[in-house]
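Trainee: Could you take a close look at one buried side chain and its surroundings, and then work outward from there? Please explain each term as it comes up.

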Amino acid sequence: MAGGSEIFYGGIPVFRGFARLMDPALYAPLPDDWTVGVADIVESTKAIAAQRYKAVNMAGAAVVASVTNALDGREFPFVFGGDGASFAVAPVDLDRARDALAATARWVRDDLDLVLRVALVPIAAIRAAGADVRVARFGPSPNLSYAMFSGGGLAFADAAMKRGEFALDPAPEGTQPDLSGLSCRFEVMPSARGVILSVLVLPAKDADPAAFRKVIEDIVVRIEKSPDAGRPVPPGGPPLRWPPQGMEYEARARRGGSLALRRAAVLVFTLWAYTLMRFNIPVGTFAPKLYLQQVVENSDFRKFDDGLRMILDCTPELAAELEQRLVAAAAQGIVRYGLHEQDAAMMTCFTPSVMRADHVHFIDGARGGYASAATVLKTRAV
């Protein structure tokens, strides 16, 4: 192991309490021999305009699922961005991650009719450009942790990818990534408080880091005072119906056999799963109520990756208050921001095993989400 970097991420302490996310002491620099992977949907705005919200989210979550499965479930830092994802891997995992990323780009093109742009950027190149990648681990529940990123390195990697640098070509036609555990069986989650608000806040160019930190901390502290910190997932779990809205995507994510056979298999399996959940029928060590509790606790509805991302269920008054705070900070040259209001949130799940508590549930707005907030941000003056 080069400098022991392969055990780097597992050695970072998990912090609790999201309000601490801006504490620099929580973040550790990536080892020099690691590589950052970035992916996003080309022209996601057009896909969103065509109401292909679920397909866009499925593509982003597929990046995480394929790399995780390629690494045999080993922990590595990643972040889901709605219309894409970012991650970092050690040298020993680079070849597997490269193959998984290329296969995912091919699958997104062939099965979702979208273009997933992907790149692998050495941390050495990021640091040579004057940026850095530092990683923290936030535990939203005792079950698992999510990575948080600072240092500007992910933003650099994303911009470089969009310029065509460090690009990775899709795998040959017919290549299928291992997307085991990727599903989207839950229905959309209507707002219980009035508004599902997608929030994206980035530092303005040449912004004072201390001023940016204070703005982010003020916003998070204010949201922490709202009911359940604005979590958009109902306390009893998301709505579940059969057949699920996401059945087609789950069928396409499966390997082996014709698409018709995969659709039939998903129909049968989801009916069985729906029955267990609907009537709270335990099977072995699987307890439906406990699983739903973990779904709520494990939901990834707020994060930091060189900027603050949140999907909140809040009152219109709180949404207006947050916007006023951001307008003032933008006028002072501290932040750039994008907000997008909608009436519901949605969930895309990565559950390698229902027998374990560390299943991952990605949250986005159900009517544009992070991608629409990013579009709003781009229209504002830097």
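Mentor: Contact here means heavy atoms within 4.5 Å. By that rule, and not counting residues up to four places away in sequence, glutamine 342 touches Val195, Ile196, Leu197, Ser198, Gly365, Ala366, Arg367, Gly368 and Gly369. The model is predicted, so local features need pLDDT of at least 70 and side-chain atom pairs count only at pLDDT 80 or more, while totals for chains, interfaces and linings use all residues. Residues are numbered from 1 along each chain as its sequence is written, and side-chain values use heavy atoms, with hydrogens and water left out.

Glutamine 342 lies in strand E15 (residues 335-342); strands (E, at least two residues) and helices (H or I, at least four) are DSSP runs, numbered from the N terminus. At 7% relative accessibility, glutamine 342 counts as buried. Buried means under 20% relative accessible area, exposed means over 50%, and partly exposed is in between, using a 1.4 Å probe and protein chains only. The side chain of glutamine 342 also makes a polar contact of 2.9 Å with the side chain of serine 198. A polar contact is a pair of N or O atoms within 3.5 Å; within protein, one must be able to donate a hydrogen and the other to accept it, and residues adjacent in sequence count only if both atoms are side-chain atoms.

One of the residues touched by glutamine 342 is Gly369, and this glycine is among the buried residues of helix H11 (residues 369-379). The others in that set are Tyr370, Ala371, Ser372, Ala373, Ala374 and Leu377. The cover over the buried residues of H11 includes E15, along with helix H1 (44-49), strand E11 (195-203), strand E13 (302-304), strand E14 (308-314) and strand E17 (360-365).

Another buried side chain is valine 121, in strand E6. Its relative accessibility is 0%, so valine 121 counts as buried. Leaving aside neighbours within four places in sequence, valine 121 is in contact with Thr35, Val36, Ile126, Phe156, Ala157 and Phe166. Leucine 154 is 33 residues from valine 121 in sequence, with 9.5 Å between their C-alpha atoms.

Charged pairs come next. A salt bridge is a side-chain nitrogen of Lys or Arg within 4 Å of a carboxyl oxygen of Asp or Glu, and the structure holds 30 of them. One joins aspartate 40 and arginine 117, at 3.0 Å from N to O. This pair links distant parts of the chain, with aspartate 40 in strand E3 (residues 35-41) and arginine 117 in strand E6 (residues 116-122), 77 residues apart. Aspartate 40 is buried, with a relative accessible area of 7%, whereas arginine 117 is partly exposed at 24%.

A second salt bridge stays inside one helix. Arginine 106 pairs with aspartate 110, with 3.3 Å between the closest N and O atoms. Both residues lie in helix H3 (residues 94-112), four residues apart, about one turn of the helix. An α-helix has 3.6 residues a turn, so residues three or four places apart point the same way. Arginine 106 is buried at 14% relative accessibility, and aspartate 110 is partly exposed at 37%.

In a third salt bridge, the closest N and O atoms of arginine 134 and aspartate 132 are 3.5 Å apart. Salt bridges with shared partners join Asp32, Arg127, Asp132 and Arg134 into one network.

Helices can be looked at in pairs as well. Helix H6 (residues 209-224) and helix H10 (residues 316-331) pack at about 170°, with their axes 11 Å apart. That angle makes H6 roughly antiparallel to H10, because angles over 145 degrees count as roughly antiparallel, under 35 as roughly parallel, 65 to 115 as roughly perpendicular and the rest as oblique. Axes are lines fitted to C-alpha atoms, for helices over the stretch in contact, and angles run from 0 to 180 degrees between N-to-C directions. From H6, Val215, Asp218, Ile219, Arg222 and Ile223 meet Leu318, Glu321, Leu322, Arg325, Leu326 and Ala329 of H10.

Two backbone details remain. Tryptophan 242 and proline 243 are joined by a cis peptide bond, with omega about -5°; proline 243 is in the loop between H6 and helix H7 (247-253). Glutamine 51, which is not a glycine, has a positive phi of about 65°, and is found in the loop between H1 and helix H2 (53-70).
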